[in-house]
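Good morning, colleagues. Please take a moment to look at the structure on the screen before I begin.

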Amino acid sequence: MPEKTRVLVVDDDPRIVDILILSLEKDGFEVFGAPSGPAALKLAYEVHPDAIILDIMMPGMDGFEVCRRLRDMTDAAIIFVTARGQTEDIIRGLQVGGDDYIIKPYAYQVLLARLTACLRRRTSDKPFPVLKGSGEVLYMTDPTRRQVFVDDRVVQLTPKEFEIFAYMVKNQGRVLSADALLANIWGPEYTGEWHLVKQFIYRLRRKLEKDPANPNHIITVHGTGYVFEAEPSG
């Protein structure tokens with residue numbers, strides 16, 4: 001029997017945790033609940049979840065700090081589920097390592113769809129090309145590990161970061177609009193949420209480019225979108 005996908009639910013409201021555990025287990029997931037940030041960190045270390053559903057407004061250690069610390073130990077998909085819906089909160093959530101952001105109240109089917117989207121392609125075994133540039137080698141290895149090599153440095157990407165990077169590599173040399181990235185990575189319902197693309201491009205450049213402020217591979221085409229170039233631009 002195949003191993004179930006593990007999901008960690010983190011919320012200081014036990015009713016929300018219990019409801020999500022029951023609902024997600026009914027949909028075939030193995031689910032764990034944590035009532036606080038410290039408990040979530042301990043449980044994540046012990047059970048190695050594939051995805052984490054994370055509230056922000058918790059006493060002591062808030063969800064932003066929990067996410068930041070989780071990123072030091074796991075590349076699990078992290079979905080913020082919170083009543084805080086201001087643009088600056090969404091941007092901060094993505095900056096600290098979140099893969100998606102859902103504002104309460106929400107329909108369970110929306111959460112399930114977002115969770116499924118974050119988890120898809122985790123087991124993809126399609127080969128990826130070796131990409132060579134002047135004095136550097138940039139390529140992807142085993143997609144199930146979501147690793148990218150830059151020279152002799154191994155870079156670990158989150159599921160969403162890897163999904164975006166893989167899509168750009170497959171379309172290298174082709175300018176992709178923000179809406180095209182949103183539609184193909186997040187889904188058509190995300191059209192217009194360009195801040196998502198901007199934050200993930202920023203994160204990819206920080207991890208993969210030697211000089212993120214002057215990128216050689218993940219290039220902005222002003223007024224149009226983004227393009228991945230194996231050979232350094234210019």
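I shall go from the whole chain to selected helices, and then to several individual residues.

Please keep in mind that this is a predicted model. The protein contains eight helices and 11 strands. Of its 234 residues, buried ones make up 50%. Consider next the contacts between residues at least 6 apart in sequence: 56% of these join residues at least 24 apart.

Let me turn to helix 6, which covers residues 159-170. From first C-alpha to last, the 12 residues of helix 6 reach 16 Å, close to the 16 Å expected at 1.5 Å a residue. How many of the 12 residues of helix 6 are buried? The count is 11, so helix 6 is largely enclosed by the rest of the structure. The buried set begins with P159, K160, E161 and F162, continues through E163, I164, F165 and A166, and ends with Y167, M168 and V169.

Helix 8 comes next, at residues 194-208. This helix has 15 residues and spans 21 Å between its first and last C-alpha, close to the 21 Å expected at 1.5 Å a residue. Among the buried residues of helix 8 are L196, V197, Q199, F200 and I201. The list also includes two arginines, R203 and R205, together with L204 and L208.

Helix 8 has a packing partner. In general, two packed helices are described by the angle between their axes and the distance between the axes. Helix 4, residues 87-95, packs against helix 8 at an angle of about 30°, and the axes are 9 Å apart. Angles under 35 degrees count as roughly parallel, and helix 4 and helix 8 are therefore roughly parallel to each other. The crossing of helix 4 past helix 8 is right-handed. Helix 4 contributes I90, I91, L94 and Q95 to the contact, while helix 8 contributes H195, L196, Q199, F200 and R203. Please note that L196, Q199, F200 and R203 also appeared among the buried residues of helix 8.

I201 of helix 8 brings us to I219, a residue of strand 10, which runs over 218-221. The two isoleucines, I201 and I219, are 18 residues apart along the chain, and their C-alpha atoms are separated by 9.3 Å. I219 counts as buried, at 15% relative accessibility.

Now to helix 5, residues 108-119, where R114 is found. Is R114 buried or exposed? With a relative accessible area of 16%, R114 is buried, because the cut-off for buried is under 20%. Beyond its neighbours within four places in sequence, R114 is in contact with I79, D100, Y101, I102 and Y190.

Two points of backbone geometry deserve mention. The loop between strand 5, at 100-103, and helix 5 holds P105. The peptide bond leading from K104 into P105 is cis, with omega near -5°. The second point concerns H48, in the loop between helix 2 (37-47) and strand 3 (51-54). Phi of H48 is near 50°, a positive value in a residue other than glycine. The relative accessible area of H48 is 59%, so H48 is exposed.

Finally, the cysteines. A disulfide is a covalent bond between the sulfur atoms of two cysteines. How many disulfides does the count give here? The count comes to zero disulfides. C67 is buried at 0% relative accessible area, and C118 is buried at 2%.

Thank you for your attention.

How values were computed:
Residues are numbered from 1 along each chain as its sequence is written. This is a predicted model: local features need pLDDT of at least 70, side-chain atom pairs count only at pLDDT 80 or more; totals for chains, interfaces and linings use all residues. Side-chain values use heavy atoms; hydrogens and water are left out. A disulfide is a pair of cysteine sulfur atoms within 2.5 Å. Buried means under 20% relative accessible area, exposed over 50%, partly exposed in between (1.4 Å probe, protein chains only). Helices (H or I, at least four residues) and strands (E, at least two) are DSSP runs, numbered from the N terminus. The expected span of a helix is 1.5 Å times one less than its number of residues. Axes are lines fitted to C-alpha atoms, for helices over the stretch in contact, and angles run from 0 to 180 degrees between N-to-C directions. Angles under 35 degrees count as roughly parallel, over 145 as roughly antiparallel, 65 to 115 as roughly perpendicular and the rest as oblique. A crossing is left-handed if the near helix is turned anticlockwise from the far one by less than a right angle, and right-handed if clockwise. Contact means heavy atoms within 4.5 Å.
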